[in-house]
Amino acid sequence: MVDINSPSPVRKGLNAFEIKTYIEMIDERLRELLRHRADVASGEYHWDSDKSKQEYYHLRKVRTKLRGIVIERATSSVGL
């Protein structure tokens, strides 16, 4: 799994292109994982495996953190 919190000994941080690429890769994997999810009449979701469900929600959290980094950098560069 992706751990964006661990500091890399080689690199300082991710640049905008890398973050965009990671988000696109995560989006693609999320679309693949949605094939393992079915809608239930009560409005809930049924997953065919817990592993797929855990990976889906983990990737959503990682994607949210990456988008937060982009937004923070964008707002700090314009002085907001």
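Start by selecting Thr75, which sits in helix 2. With a relative accessible area of 29%, Thr75 is partly exposed. Show its side chain together with the backbone of Glu72: a polar side-chain atom of Thr75 lies 3.1 Å from the backbone oxygen of Glu72. Keep in mind throughout the tour that this is a predicted model.

**Zoom out to the whole chain**

Colour by secondary structure next. The protein chain has two helices and two strands, and from the N terminus on they follow the order α-β-β-α. If you colour by accessibility instead, buried residues make up 18% of the 80 residues. For a contact map, take the contacts with a separation of 6 or more: residues 24 or more positions apart account for 58% of them.

**Walk along helix 1**

Now select residues 16-33, which are helix 1. This helix has 18 residues, and the distance from its first C-alpha to its last is 26 Å, close to the 26 Å expected at 1.5 Å a residue. At its N-terminal end, pick Asn15, which acts as the cap: one of its side-chain oxygens lies 3.1 Å from the backbone nitrogen of Phe17.

Which residues of helix 1 are buried? Select Glu18, Ile19, Ile23, Ile26, Asp27, Leu30 and Leu33 to see them. Two carboxylate residues, Glu18 and Asp27, are in that list. To see what these buried residues pack against, add strand 1 (37-39), strand 2 (45-47) and helix 2.

**Into the nonpolar core**

Keep the helix 1 side chains on screen and extend the selection to Ile19, Ile23, Ile26, Leu30, Leu33, Trp47, Tyr56, Leu59, Val62 and Leu66. These 10 residues form the largest nonpolar core. Helix 1 and helix 2 each supply at least two residues of this core, and helix 1 gives the most, with five.

**Stop at the aromatic rings**

Two members of that core, Trp47 and Tyr56, deserve a closer look. Trp47 and Tyr56 are both buried. A search of the whole structure finds three aromatic pairs. In the pair of Trp47 and Tyr56, the ring centres are 5.2 Å apart and the planes meet at 45°, so the pair counts as tilted. Add Tyr57 to the selection, and you have one aromatic cluster made of Trp47, Tyr56 and Tyr57.

**Follow the charges**

Side chains of opposite charge can pair when their charged atoms come close. How many salt bridges does the structure hold? The count comes to four, and three of the stops below show such pairs.

- Select Arg63 and Asp27. Their salt bridge has its closest N and O atoms 2.4 Å apart. Arg63 lies in helix 2 (residues 50-77) and Asp27 in helix 1, so this pair ties together parts that are 36 residues apart in sequence. Asp27 is one of the buried residues of helix 1, whereas Arg63 is partly exposed, with a relative accessible area of 22%.
- Select Arg29 and Glu32. Their side chains meet in a salt bridge at 3.0 Å, N to O. Both are in helix 1, three residues apart, which separates them by about one helical turn. Arg29 is partly exposed at a relative accessible area of 30%, and Glu32 is partly exposed at 30% too.
- Keep Arg29 and add Glu55. The side chains of Glu55 and Arg29 form a salt bridge at 2.9 Å, N to O. This pair links distant parts of the chain, with Glu55 in helix 2 and Arg29 in helix 1, 26 residues apart. Glu55 counts as buried, because its relative accessibility is 17% and the cut-off is under 20%.

Now display Arg29, Glu32 and Glu55 together: they are linked in a network of salt bridges.

**Last stop: Asp39**

Finish in strand 1, where Asp39 lies. Is Asp39 buried or exposed? Asp39 is exposed, with a relative accessible area of 63%. Hide its neighbours within four places in sequence and look at what remains in contact with Asp39: Glu44 and Tyr45.

How values were computed: Residues numbered from 1 in each chain as written. Predicted model: local features only at pLDDT ≥ 70, side-chain atom pairs only at ≥ 80, totals over all residues. Heavy atoms only, no water. Helix = DSSP H or I, 4+ residues; strand = E, 2+ residues; numbered from the N terminus. Buried < 20%, exposed > 50% of the residue type's maximum accessible area, 1.4 Å probe, protein only. Expected span 1.5 Å × (residues − 1). Contact = heavy atoms within 4.5 Å. Polar contact = N/O pair within 3.5 Å; in protein donor to acceptor, adjacent residues only side chain to side chain. Core = buried A, V, L, I, M, F, W, Y, C linked by side-chain atoms within 4.5 Å. Phe/Tyr/Trp six-rings, centres within 6.5 Å; stacked < 30°, edge-to-face > 60°.
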